[in-house]
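Grab a pencil and get ready to work through a protein structure. Try each task yourself before you peek at the solution.

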Amino acid sequence: MTTEDGIPVFALTRLAPAKINLALHVVGQRPDGYHLLESLVTFADAGDRIGFSRSAEDRFTVSGRFSADLPLTGEGASGNLVLRARDLLRAHLVERGMAAGPVHLHVEKNLPVASGIGGGSADAAAALVGLLELWEARLDRGHLQDIALKLGADVPMCLEGRPLIARGIGEQLEWLPLPSFPVLLVNPLSAVSTPVIFRTLTNKTNPPLVIPRGALSGSDWIEALKHMRNDLEPPARLLEPTIGAVSDTLHEAGAAFVRMSGSGATCFGLFETADERDAAAAVLSTDHPNWYVLACNSVNGEEDHYGRH
């Protein structure tokens, strides 16, 4: 999952990394119902993978641990973000006289769905980037971000794939020189509905996200994170009490910092060293065989997973 190896028989393979909300502040709500967020985000060096090849006709296939959760036919398939990304990008290119022929897209679904780590959004972002390369087409960043936002609030940040602050409904992005952390992602394999979590949120105008000045100059980020929040975690814990158990277990396993990501139910633990993280992963995998446990590293902010500086 974290190797450079491509998916066999596909011309291109792109990583769709897990998104980690280190903090998520809900600071308001627009008249149209969209919530205004301020979120500190980083990305893992592991996640789903998307394979791309030219084809005689459009095809979509899946594999991986969670592939059964991606419908291939019926109404559910039409809402798949990878297919929507393909169709939106193709329409945009064709309208401008560029070729965008049939493709075979394959999703290796390694991340659990509805888990707060942006699996579907990351898949869509990777699809946009991979298809541009496969079709040998170019779009400026602004047009690509516009397409990404049409797919969902998390897709623009996943398109960047580097540590950042996301504001507004996800369209205002500011890169941050955040260091890499050894990370353990743990999900009890209980799907959590993001719309339900937001409906359960009682206070939708909370204090904004503040990045301590010292953190940007190299002081202890883990200490800085303790002064931030995930405003969705309290309602998520009420709806899915297992989140509390996951959080407690990560603390007991030695994580230096623990918080829920996104709308849950995935929690992340940041560790001082990779050895400590790996030891914790072994214990949790043994003690909780029905949980999803992923040992990974966050990206370091110097270069994103698409190779841009």
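Below are some exercises, each with a worked solution.

Before you start, know that this is a predicted model, in which local features need pLDDT of at least 70, side-chain atom pairs count only at pLDDT 80 or more, and totals for chains, interfaces and linings use all residues. Residues are numbered from 1 along each chain as its sequence is written, and side-chain values use heavy atoms, with hydrogens and water left out.

**Exercise 1: a pair of helices**

Task: Describe how helix 2 and helix 3 cross, and list the residues that make the contact.

Solution:
- Step 1. Find the two helices: helix 2 covers residues 81-95 and helix 3 covers residues 119-134. Helices (H or I, at least four residues) and strands (E, at least two) are DSSP runs, numbered from the N terminus.
- Step 2. Look at the axes, which come within 8 Å and cross at roughly 35°. Axes here are lines fitted to C-alpha atoms, for helices over the stretch in contact, and angles run from 0 to 180 degrees between N-to-C directions.
- Step 3. Get the handedness: helix 2 passes helix 3 in a right-handed crossing. (A crossing is left-handed if the near helix is turned anticlockwise from the far one by less than a right angle, and right-handed if clockwise.)
- Step 4. Pick out the contact residues. Helix 2 brings L81, V82, A85, R86, L89 and L93, while helix 3 brings G120, S121, D123, A124, A127, L128, L131 and L132. Contact means heavy atoms within 4.5 Å.
- Step 5. Sort these residues by type, and you get ten nonpolar, two polar and two charged. (Ala, Val, Leu, Ile, Met, Phe, Trp, Tyr, Cys and Pro count as nonpolar, Asp, Glu, Lys and Arg as charged, and the others, Gly among them, as polar.)

**Exercise 2: another partner for helix 3**

Task: Work out the angle at which helix 3 and helix 4 pack, and sort the residues of their contact by type.

Solution:
- Step 1. The angle is about 145°, and the axes are 10 Å apart.
- Step 2. The crossing of helix 3 and helix 4 is right-handed.
- Step 3. Helix 3 supplies A124, L128 and L132, and helix 4 supplies L144, I147, A148 and L151.
- Step 4. By type, this contact has seven nonpolar residues, no polar and no charged.

**Exercise 3: the cores**

Task: Find the residues with the most contacts inside the largest nonpolar core, and the element that gives the core its largest share.

Solution:
- Step 1. Know the term: a nonpolar core is a set of buried Ala, Val, Leu, Ile, Met, Phe, Trp, Tyr and Cys residues joined through side-chain atoms within 4.5 Å. Buried means under 20% relative accessible area, exposed over 50%, partly exposed in between (1.4 Å probe, protein chains only).
- Step 2. The largest core has 42 residues, and L89, L93, L128 and W135 have the most contacts inside it.
- Step 3. Elements giving two or more residues to this core include strand 1 (12-29), strand 2 (35-54), helix 2 and helix 4 (141-151).
- Step 4. Helix 3 gives the largest share, ten residues.
- Step 5. There's also a second, separate core of 29 residues, which includes A18, I20, L176 and I222.

**Exercise 4: buried or exposed?**

Task: Decide whether D231, R199, D278 and V9 are buried, partly exposed or exposed.

Solution:
- Step 1. D231 sits in the loop between helix 8 (221-225) and helix 9 (233-239). Its relative accessible area is 10%, so D231 is buried.
- Step 2. The side chains of D231 and R229 share a polar contact of 2.7 Å. (That is a pair of N or O atoms within 3.5 Å; within protein, one must be able to donate a hydrogen and the other to accept it, and residues adjacent in sequence count only if both atoms are side-chain atoms.)
- Step 3. R199 is in helix 6 (residues 194-200). With a relative accessible area of 62%, R199 is exposed.
- Step 4. D278 belongs to helix 11, and at 36% it counts as partly exposed.
- Step 5. V9 comes in the segment before strand 1, and its 78% makes V9 exposed.

**Exercise 5: backbone oddities**

Task: Locate the cis peptide bond and give its omega.

Solution:
- Step 1. The cis bond joins G264 and A265, with omega about 10°.
- Step 2. A265 lies in the loop between strand 8 and strand 9.
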